Amino acid sequence: LGQPCIDIAKLPKETGHFTYDNGFTATASCRSAITYIDGDAGVLLYRGYPIEQLAEKSSFLEVAYLLMNGEVPSKDEFAKFESEVTHHSMLNERFKQFVEGFHHDAHPMAMMMGMLGSMASFYHNNLDYEDPEQRRLAAIRLIAKVPTIAALCYRHRIGWPSAYPRNNLEYVNRFLHNMFEVPSEPLDLNPVAAKALDLLFILHADHEQNASTSTVRLVGSTGANPYACVASGVAALWGPAHGGANEAVLKMLEEIGTASNVQSAVDKAKDKESGFRLMGFGHRVYKNFDPRAKIIREMTYKVLNDLGVQDPLLDVAMKLEEAALKDDYFVQRKLYPNVDFYSGIIYKALNIPAEMFTVMFAIARTAGWVSHWLEQQNDPENKIGRPRQVYTGAATRDFPNR
Ligand code: ACO
């Protein structure tokens, strides 16, 4: 009892080595040509292009094309892609009835999961997805409609009527407009806000086999509907150890409140008994620095400066970063600020409420999820994902006579 009782000799031959790999720290579940990470060197490449160059020279929608198709689009290719995404940004009117069913204070990630799952009922013929063109169309629909769904969920929460996506605006501005448009007033969109959001979307677009992308691929490996696959990705993203960290970081900074409380927060995070972790610190793969955090740190200063926002939480964040980076506990465990340490401060400056932070992440990561789903569906080696386990339960025993 309580001892592993698997008989390795009885495993099927094709299993090869049987390993116990808790949390999949050393197991590749697929081959992929999309994203490369070197966690020790702090390198992140999308289709071979360094994230720093993409952040400087590209746009989110161009990055989405690159992730999906493997190459940077020509002008004509991009124009066609952008026009298709714009064309598909509208939702079926029945989505409004779906959203009405949610309680007004439902978490937007819960609504996103439900709404995306419901898309599988609008585009439900799974046989269609044997056709590569239908698969491409599903990917485009998802990239196009996820921001519209996000804005619809936000507006439902605050009791505003839904708004239609404006086709004369490009992707990020269309989303911001969709979120914040009030019928009676013209909306003055700040180009700094759009630029910052576009950058955040680029940084969050893909990150190889993270928990949510692996989930999309695991569900995808069964041949499930693509919208159901992406809904499962949203579910996995929500947890505070993954995409939910950006919301948790802001809550944590607000709880710390002032720079003078920072040291006690660091001490608490070192005490395992407290169950408290510094949110936005540490990463499964990056063990020296997260290259996205470097880029976003710079952008945080720029956004606050350009928008003239004085946020005392930035001081708290700076002090926290400084205190953790010189503390032996964090240094020895190689715990550095990750991409989400700063994203919340930017979102807050853009008037995006904390409960929408992970939704922002989901919009960006949809580009990665659909690219991985497409790659998997086009891969002749694709087979159903079926992890094994090390059984620790009871050995065979007789049911008691009663
Ligand atoms: N604060 C305090 N201690 C930490 C933290 C933290 N944020 N992160 C890890 N540790 C400690 C652990 O207690 C453990 O200590 P031990 O070796 O003495 O037991 C050690 O560092 C290793 O931690 P693990 O949990 O084993 O590392 P893992 O790779 O499994 O987890 C994770 C990575 C989940 C990101 C973790 O660092 C964490 O919980 N961070 C906070 C949440 C967060 O910011 N998540 C966002 C990740 S980035 C993203 O999803 C975009």
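A residue counts as exposed if 12 or fewer other C-beta atoms lie within 10 Å of its own, and as buried if 20 or more do so. The exercises below apply to a predicted model.

**Exercise 1.** Determine where Asp-131 lies in the chain, and decide whether Asp-131 is buried or exposed.

*Solution.* Begin with the secondary structure: Asp-131 belongs to the loop that runs between helix H5 (108-122) and helix H6 (132-158). Next, take the neighbour count, which for Asp-131 is 10 C-beta atoms inside 10 Å, and because the limit for an exposed residue is 12 or fewer, Asp-131 counts as exposed. Finally, place Asp-131 relative to Ala-79: the two are 52 residues apart in sequence, and their C-alpha atoms are 24 Å apart in space.

**Exercise 2.** Work out how the radius of gyration of the chain agrees with that of a compact globule.

*Solution.* Start from the length of 402 residues, for which a compact globule would have a radius of gyration near 21 Å; the chain has 22 Å, and therefore the two agree. Then consider the extent of the C-alpha trace, which spans about 75 × 60 × 50 Å along its principal axes. Within this chain of 17 helices and 3 strands, 42% of the 402 residues count as buried. Of the contacts with a separation of 6 or more, 78% join residues 24 or more positions apart.

**Exercise 3.** Describe which residues surround the ligand.

*Solution.* First count the shell, which holds 19 residues, the closest being Ala-245, Arg-277, Phe-281, Gly-282 and Arg-284. Then sort the shell by character, which gives 8 nonpolar, 7 polar and 4 charged residues.

Notes:
Residues are numbered from 1 along each chain as its sequence is written. This is a predicted model: local features need pLDDT of at least 70, side-chain atom pairs count only at pLDDT 80 or more; totals for chains, interfaces and linings use all residues. A residue is near a molecule or strand if its C-beta atom, placed from the backbone, lies within 6 Å of it. Ala, Val, Leu, Ile, Met, Phe, Trp, Tyr, Cys and Pro count as nonpolar, Asp, Glu, Lys and Arg as charged, and the others, Gly among them, as polar. Helices (H or I, at least four residues) and strands (E, at least two) are DSSP runs, numbered from the N terminus. The radius of gyration is taken over C-alpha atoms; the globule rule is 2.2 Å times the number of residues to the power 0.38. Two residues are in contact if their C-beta atoms, placed from the backbone, lie within 7 Å.
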